[in-house]
Amino acid sequence: MSNLPFPIFVQNKPVDPDNKRAALAAVGQCRFYPSTCSNPSDYAEFQDICAKNKEQALVDTDTPETKDESKKLKKKYMKQGVAMASKYLRQTLQLDVSIISVQVVLEGKHILETDGCLVACMLDAGCAAIVVDGLNLAALDAAKVPRERIVAHFSSSEAATSDAIQAALSFASCISVELSNNSLETVDSTLSLVTEQSDTVDFQLTAPSSDIVAQIISQSKASVGLVDPSADLLGSSCIACMKQSDRQDGLYATVVCTRASEALGLEYSSKDSIIIALESGAGIYCSRSDGTTTSSENKAAQTLHRLDLDFHGDALRFTVTQSSGDDAKNGNGKPSTVTAWGTPTGIRHLEDTLKDRLQSAPEGSYTKRLFDDPDLLRDKLVEEAQELAEAEDFDEVAGELADVMYFALARATKAGVKMEDAVAELDRRTRKVTRRKGDSKAFRIAAGNAILGKK
Ligand SMILES: N=c1c2ncn([C@@H]3O[C@H](COP(=O)(O)OP(=O)(O)OP(=O)(O)O)[C@@H](O)[C@H]3O)c2ncn1[C@@H]1O[C@H](COP(=O)(O)O)[C@@H](O)[C@H]1O
């Protein structure tokens, strides 16, 4: 994907619909400063997370007599810390880390006093990277995570000397520099210091012109973070970074898809419609016939999660969730629960069928039987999982996998969980840095065997 400028929340709340900033992070990436970007009670919540990590770091696992107990305690604190951080990101800041790359700016003292535990905690909770003062080499070292997950930040171009950048690059694959003068010369000189192919530089700008943003982003390795931008500035800067549309009306083709990457339709975007989409957090597009943005009716129909620019820089993808209910219409009067190409197939079709069965099922529906009999559903899940585990040839594995998917989807549908929710969880897990041992659980095996034995 091509690069778009991203918001840096220094003073502003990341999600703020009242001030027309409902979905700025939908550009795919954002950075936030926990100490200043929201109200004091939110910061207190973040400090509780730091305190929990400190508790984890202080557990003594060196004393042989108490080693096992201490390890358990450490693991317990770790899980508690990750749960607190996940809640803070998702509920308090309303950032969906499963679909956007979220960077959190951490103070060196918090990293050092938690012996790096806070870093692992924030990354396990779904943050894509942590941002640390590039001059604080002790904190960068104490973070103890792969350098791809660390951004070394310099609060001025004067601080980002050649020596300082080289030192920081031992720990971080991304350098971030605050550009107070918006000087393109500084951009060039900084970029020339970062020679490794995969290393990058973020330039942090306050209220720049969209031309400057486009010029910086056109350089390879460079990204731009905008400090507390309005939707207008961010949207205009995004458009400035895109290639000119080859359509006469200047609109950009926009593929609309679900979180599970199913294409729902093709729409068109203009600068105005992108800005309104970022302001409102809805799937808003531009009409090809009269150039107007789609109606407020549409705002209720699609929640915007993310927009991406394609490799060529002239087509967009909007990832949305459509509100369910056959009466929900999008701006073109099409039912929102089906794709522009008619009835879906595959997993989406099965999911829709199962949802229907929950409302009303025909005589003899097996799915209804499963919904009405939780014990049967549990037993079938165990049975089909075992059959999948023991299947041997290609066809057998495919068939058993289909069975497992059917029963698993029946279980999920009964609980109101959608495939998209599982996809979000899988995406969130890709950010984890710690690995669990993952042994099988004896009591679960015994329970499964009891089910299989009674057949
Ligand atoms: N994908 C499935 C599906 N997979 C399995 N099953 C049923 O699950 C039951 C148990 O499956 P088993 O493999 O154990 O079959 P079995 O015959 O009991 O045992 P074996 O002989 O295979 O060992 C059978 O009645 C299967 O028909 C399914 N039943 C329904 N669906 C889908 O769900 C939709 C709605 O189904 P109804 O609710 O029945 O209308 C259907 O249109 C399908 O798309």
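The following is a conversation about a predicted model and the reasons behind the words used for its parts.

Biologist: How do you know that the chain is divided into domains, and where do the bounds lie?

Modeller: The bounds come from an automatic or database domain assignment, and that assignment gives domain 1 as residues 6-241, domain 2 as 243-344 and domain 3 as 346-453.

Biologist: What makes the eight strands a barrel, and in which order do they close?

Modeller: The strands close in the order β1-β2-β3-β4-β5-β6-β7-β8, with parallel pairing, and the twist from one strand to the next averages 25 degrees.

Biologist: Why are β7 and β8 called paired strands?

Modeller: Two strands pair if at least two bridges are found between them, and five bridges join β7 (residues 200-205) to β8 (residues 222-227), so these parallel strands count as a pair. Within this pairing, V201 has A222 in β8 as its bridge partner. Elsewhere, helix α6 (residues 162-169) lies across β5 (150-154) and β6 (174-178), and runs at about 165 degrees to β5.

Biologist: What makes the sheet of β10, β9, β12 and β11 an open one, and which are its edge strands?

Modeller: The four strands form an open sheet in the order β10-β9-β12-β11, with mixed pairing, and the edge strands are β10 and β11 (302-309), each of which pairs on one side only. Neighbouring strands here are turned against each other by 25 degrees on average, with direction ignored. Inside the sheet, β9 and β12 (residues 315-322) pair in the parallel sense over five bridges, and V255 stands opposite R317 in β12. Helix α10 (residues 271-280) packs on this sheet, where the helix touches β10, β11 and β12 and makes about 120 degrees with the direction of β10.

Biologist: How do you know that domain 1 and domain 2 touch, and how much area do they bury?

Modeller: Contact means heavy atoms within 4.5 Å, and 19 residues from domain 1 and 17 residues from domain 2 take part in the contact. The two domains bury about 1500 Å² between them, 63% of it on carbon and sulfur atoms. On the domain 1 side, A26, I99 and I239 lose the most area to domain 2, together 38% of what that side buries. Seven residue pairs in polar contact are also counted between the two domains, whose centres, taken over C-alpha atoms, are 30 Å apart.

Biologist: Why is the pair R259 and D96 called a salt bridge?

Modeller: A side-chain nitrogen of Lys or Arg must lie within 4 Å of a carboxyl oxygen of Asp or Glu, and the distance from N to O for R259 and D96 is 2.8 Å, so the pair meets the cut-off. The count of salt bridges between domain 1 and domain 2 is one, while a search of the whole structure finds 19.

Biologist: What makes R348 and E262 a tie between separate parts of the chain?

Modeller: These two residues form a salt bridge, with their closest N and O atoms 2.3 Å apart. R348 lies in helix α12 (residues 346-359) and E262 in the loop between β9 (252-257) and β10 (263-269), so the pair ties together parts that are 86 residues apart in sequence.

Biologist: Why are Q94 and S261 singled out for their phi values?

Modeller: Most residues other than glycine have a negative phi. Phi of Q94 is near 55 degrees, a positive value, and Q94 lies in the loop between α2 (67-92) and β3 (101-105). Phi of S261 is near 65 degrees, again positive, and S261 is placed in the loop between β9 and β10.

Notes:
Residues numbered from 1 in each chain as written. Predicted model: local features only at pLDDT ≥ 70, side-chain atom pairs only at ≥ 80, totals over all residues. Heavy atoms only, no water. Helix = DSSP H or I, 4+ residues; strand = E, 2+ residues; numbered from the N terminus. Axes fitted to C-alpha atoms, helices over the stretch in contact; angles between N-to-C directions. Buried area = accessible area lost by both parts, 1.4 Å probe. Polar contact = N/O pair within 3.5 Å; in protein donor to acceptor, adjacent residues only side chain to side chain.
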